[in-house]
Amino acid sequence: MSFKSFPAHVRAHLRISRAGLLALALVGTVHADSGRMQAGPPLPAYQQECGSCHLAYPAGLLPASSWRSIMDGLGRHFGTDASLDAQTTQQIGTWLQANAASRGRLRDAPAQDRITRSDWFTRKHRKID
């Protein structure tokens with residue numbers, strides 16, 4: 001499969017440097033325009049299930065309403081069926097709610113509940129196609 005055959009949003013994720021991914025994975029806190037947010041300890045089920053297809057984004061990058069919408073729509077997760085069993089869905093959903101953004105601009109749900117469409121993300125990455 002060639003790089004160009006991946007959807008645009010997947011190609012954008014793949015362009016993130018390995019160093020950037022490592023830094024994001026190792027960081028215990030998330031910095032955004034709203035200030036510093038303490039992330040909870042990583043949930044193994046979240047890292048395993050969500051991280052198997054894409055970066056397991058820190059829960060603090062979206063508000064609780066966005067995570068609720070995402071977890072309620074796993075059967076149509078951005079064009080893919082990402083359904084999980086009820087227990088795993090409940091466990092991950094509870095963890096995401098507990099660690100979701102709750103301050104500043106991150107309280108507002110971005111378009112289509114996409115991290116990459118949030119105001120702070122687009123501003124920080126405006127020089128990247």
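The face of helix α5 turned away from its buried side carries the exposed residues Ala86, Gln87, Gln90 and Ala98. In this predicted model, the buried residues of α5 are Thr88, Ile92, Gly93, Trp95, Leu96 and Asn99. Viewed down the helix axis, these buried residues fall within an arc of 165°, so they line one face of α5. A general property of the fold element accounts for such spacing: an α-helix has 3.6 residues a turn, so residues three or four places apart point the same way. The buried residues of α5 pack against α3 and α4.

The geometry of α5 can be checked against its length. At 1.5 Å a residue, its 14 residues should span 20 Å, and the end C-alpha atoms are 20 Å apart, which agrees. At the N-terminal end, aspartate 85 acts as a cap on α5. A side-chain oxygen of aspartate 85 lies 3.2 Å from the backbone nitrogen of glutamine 87.

Helix α4 can be read in a similar manner. Its buried residues are Ser66, Trp67, Ile70 and Met71. They cover an arc of only 130° around the axis, which puts them on the same side of α4. The elements covering these buried residues include α3 and α5.

Tryptophan 67, in helix α4, shows how this packing is made. Because its relative accessibility is 6%, under the 20% limit, tryptophan 67 counts as buried. Apart from neighbours within four places in sequence, tryptophan 67 is in contact with Tyr46, Pro58, Ala59, Leu62, Leu96, Gln97 and Ala100. One of these partners, Leu96, is itself among the buried residues of α5. Tryptophan 67 and leucine 96 are 29 residues apart along the chain, yet their C-alpha atoms are separated by 6.5 Å.

Between α4 (64–72) and α5 (86–99) runs a loop that contains histidine 77. With a relative accessibility of 17%, histidine 77 counts as buried, because the limit is 20%. Beyond its neighbours within four places in sequence, histidine 77 is in contact with His54, Ile70 and Ala82. Of these partners, Ile70 also belongs to the buried set of α4.

Phenylalanine 78 lies in the loop between α4 and α5 as well. Its relative accessible area is 33%, so phenylalanine 78 is partly exposed, between the limits of 20% and 50%. The backbone of phenylalanine 78 also deserves attention: phi is near 50°, a positive value in a residue other than glycine. For context, most residues other than glycine have a negative phi.

The loop between α3 and α4 holds glycine 51. Glycine 51 counts as partly exposed at 34% relative accessibility. Leaving aside neighbours within four places in sequence, glycine 51 is in contact with Tyr46 and Ala56. Tyr46 also appears in the list of contacts of tryptophan 67.

Further towards the N terminus, proline 41 lies in the loop between β2 (35–38) and α3 (44–49). With a relative accessible area of 64%, over the 50% limit, proline 41 is exposed. Proline 41 and asparagine 99 are 58 residues apart in sequence and 9.1 Å apart in space, C-alpha to C-alpha. Asparagine 99 is one of the buried residues of α5.

These elements belong to a protein chain with six helices and two strands. Along the sequence, the chain follows the pattern α-α-β-β-α-α-α-α. Buried residues make up 30% of its 129 residues. Among the contacts with a separation of 6 or more, 66% are accounted for by residues 24 or more positions apart. The accessible surface of the chain comes to about 8,500 Å², of which 54% belongs to carbon and sulfur atoms.

The confidence of the prediction bears on how the model is read. The mean pLDDT of the protein chain is 76, and 64% of its residues reach 70 or more. Over residues 17–38, however, the pLDDT is below 50, although this stretch has 31 contacts in the model beyond near neighbours in sequence. Where pLDDT is low, the predicted coordinates should not be read in detail.

Key. Residues are numbered from 1 along each chain as its sequence is written. This is a predicted model: local features need pLDDT of at least 70, side-chain atom pairs count only at pLDDT 80 or more; totals for chains, interfaces and linings use all residues. Side-chain values use heavy atoms; hydrogens and water are left out. Helices (H or I, at least four residues) and strands (E, at least two) are DSSP runs, numbered from the N terminus. Buried means under 20% relative accessible area, exposed over 50%, partly exposed in between (1.4 Å probe, protein chains only). Contact means heavy atoms within 4.5 Å. Accessible areas come from the Shrake-Rupley method with a 1.4 Å probe; for residues, only the protein chains shown count as cover. pLDDT is the predictor's confidence in each residue, from 0 to 100. The expected span of a helix is 1.5 Å times one less than its number of residues. The arc is that of the directions from the helix axis to the C-beta atoms. A polar contact is a pair of N or O atoms within 3.5 Å; within protein, one must be able to donate a hydrogen and the other to accept it, and residues adjacent in sequence count only if both atoms are side-chain atoms.
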